[in-house]
Every structure is written in structure tokens, then in C-alpha cells.
Amino acid sequence: NYLGGVVFRKRLGSVQSEDSGLAVAEDPSGKIWVGGYSDSAGVKTAWIDCRNPSGAPIWSKTLFKSKLGAQVQDLEVARDGKSMAACGVKDGKAWFLRLLMDGKPVFQPAVFDKVDALSALSIEKTSLVEGRQCWYLYGCAKDAKGNLRAFFLKTDPAGVFVGAVVLSDK
């Protein structure tokens with residue numbers, strides 16, 4: 001809770017796979033959203049799990065499966081309180097998704113795999129923040145030489161790519 005006390009403690013995932021929770025958010029109704037990935041037999045699965053304020057499961061969604069990697073890395077409640085935004089990495093590329101509070105997608109996940117500024121980079125970490133009539137994804141990526149580079153990517157509210165900037169390594 002807001003005072004730092006434990007409200008609930010629950011194990012997420014299954015005993016058949018290695019599960020990692022990387023993102024957590026609370027929506028206006030008190031539901032807890034957890035995002036992360038599972039690793040089972042070399043296949044990574046990105047997922048979002050929604051629980052009531054007591055920790056009981058409401059729904060769970062599998063977003064991506066990949067041998068190279070798939071993760072939910074950030075969750076953010078939209079300013080209007082009617083949707084949740086999520087971002088992460090799939091196969092070294094950033095993706096973005098918005099879900100209504102019942103878990104239904106506002107649009108299908110937008111994978112930014114054809115963005116010129118990011119095409120030569122392997123995205124490692126993404127975070128997001130809501131702007132005015134847009135969303136910003138930012139994070140770090142490795143270039144062909146293995147150097148870490150910061151990037152910023154802008155989408156419209158529907159997840160359509162608007163622009164991207166990669167900072168130089170100097």
C-alpha cells in the first residue's frame with residue numbers, strides 16, 4: 001500500500017517455467033497489473049497478468065513467444081484512466097500496446113521493426129511515458145559494435161510511429 005505495507009503476496013506463473021515479473025502498475029480501480037516473461041524450454045513468452053486488489057487472478061494474456069526473447073518491460077496507466085499502456089522488447093525490437101481496463105486491446109501490439117533510426121540496433125530495455133496526445137518509448141540498445149546507445153521513440157495514441165532519435169555514443 002502507499003505506506004509500504006504488504007497488501008498481498010502471491011506467486012505468479014507456474015512451476016513448469018522460469019517466470020520473471022519486470023513491470024507492475026495499479027489501475028484506478030485498485031487492480032494490480034504485472035508484466036514480464038516466462039522462459040520454458042528455450043522459448044520466451046511475454047505476458048500481462050491482472051489481479052484484483054486482494055491478489056486473486058482476473059485475467060492473463062500471452063502477447064508474444066520467441067526463441068530470441070520477448071518481454072513486457074513497463075506498464076503505465078493512461079491519463080484518462082481508461083486504458084493501460086505496455087511496452088517491451090521482442091526479438092531485439094521495441095513494441096507498444098494499449099489495453100482497456102478489462103484487458104481488451106485498444107489496438108494490436110505495434111512492433112517497431114522497420115524504423116530506420118533503430119534498424120541497426122538491438123533494443124535491450126524500454127520504458128514509456130505519456131505525452132500530450134502521444135506516447136514516448138525510451139531506453140537503451142546495442143549497436144553493431146556492442147556499444148550501448150540511448151533511444152527515444154514517439155507514437156501517436158494509436159501506436160502509430162511518429163519519429164525516433166538515437167543519441168550518439170559520444
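**An all-strand chain: sheet, cores and surface**

The protein chain contains zero helices and 12 strands, where helices (H or I, at least four residues) and strands (E, at least two) are DSSP runs numbered from the N terminus. Read from the N terminus on, the elements follow the pattern β-β-β-β-β-β-β-β-β-β-β-β. The model is predicted, with local features needing pLDDT of at least 70 and side-chain atom pairs counting only at pLDDT 80 or more, while totals for chains, interfaces and linings use all residues. Residues are numbered from 1 along each chain as its sequence is written, and side-chain values use heavy atoms, with hydrogens and water left out.

Of the 170 residues in the protein chain, 42% are buried. Here buried stands for under 20% relative accessible area, exposed for over 50%, and partly exposed for values in between (1.4 Å probe, protein chains only). Accessible areas were computed by the Shrake-Rupley method with a 1.4 Å probe; for residues, only the protein chains shown count as cover.

An open sheet is formed by four strands in the order β5-β6-β7-β8, with antiparallel pairing. Strands were taken as paired if DSSP finds at least two bridges between them. Strands of a sheet pair through backbone hydrogen bonds, either parallel or antiparallel. The edges are occupied by β5 (70-77) and β8 (110-111); each has a single partner strand, so one side of each is left without a neighbour in the sheet. Between β5 and β6, the antiparallel pairing extends over seven bridges. Among them, E76 has A85 of β6 as its bridge partner, and A70 is matched with K90 of β6. The two strands β5 and β6 form a hairpin with five residues between them. In the turn of this hairpin, G81 has a positive phi of about 75°.

Nonpolar cores were defined as sets of buried Ala, Val, Leu, Ile, Met, Phe, Trp, Tyr and Cys residues joined through side-chain atoms within 4.5 Å. The largest such core has 19 residues, and those with the most contacts inside it are F96, F112, L118, I123 and L137. At least two residues of this core are supplied by each of β6 (83-90), β7 (93-100), β9, β10 (135-142) and β11 (148-155). A second, separate core comprises 18 residues, including F64, V72, A86 and L99. In soluble globular proteins, nonpolar side chains tend to be buried together.

Outside the cores, a nonpolar surface patch of about 500 Å² is made by V129, Y136, Y138, F152, V165 and L167. Patches consist of residues with over 30% relative accessible area and no salt bridge, like charges being joined within 9 Å and nonpolar side chains (Val, Leu, Ile, Met, Phe, Trp, Tyr) within 5 Å. V129 of this patch belongs to strand β9 (residues 122-130) and is partly exposed, at 38% relative accessibility.Eight salt bridges are present in the structure, each defined by a side-chain nitrogen of Lys or Arg within 4 Å of a carboxyl oxygen of Asp or Glu. One of them joins the side chains of K90 and D91 at 3.1 Å, N to O. K90 is partly exposed at 22% relative accessibility, and D91 is partly exposed at 32%. Another salt bridge links D102 and K104, with the closest N and O atoms 3.3 Å apart. In this pair D102 is partly exposed, with a relative accessible area of 42%, whereas K104 is exposed at 51%. The side chains of D113 and K114 also form a salt bridge (3.8 Å, N to O). D113 is partly exposed at 40%, and K114 is exposed, with a relative accessible area of 71%.

Strand β2 (residues 32-40) contains I32, which is buried at a relative accessible area of 17%. The C-alpha atom of I32 is separated by 8.2 Å from that of D49, 17 residues apart along the chain.

A search of the whole structure for disulfides (pairs of cysteine sulfur atoms within 2.5 Å) finds zero. C87 is buried, with a relative accessible area of 0%, while C140 is partly exposed at 23%.
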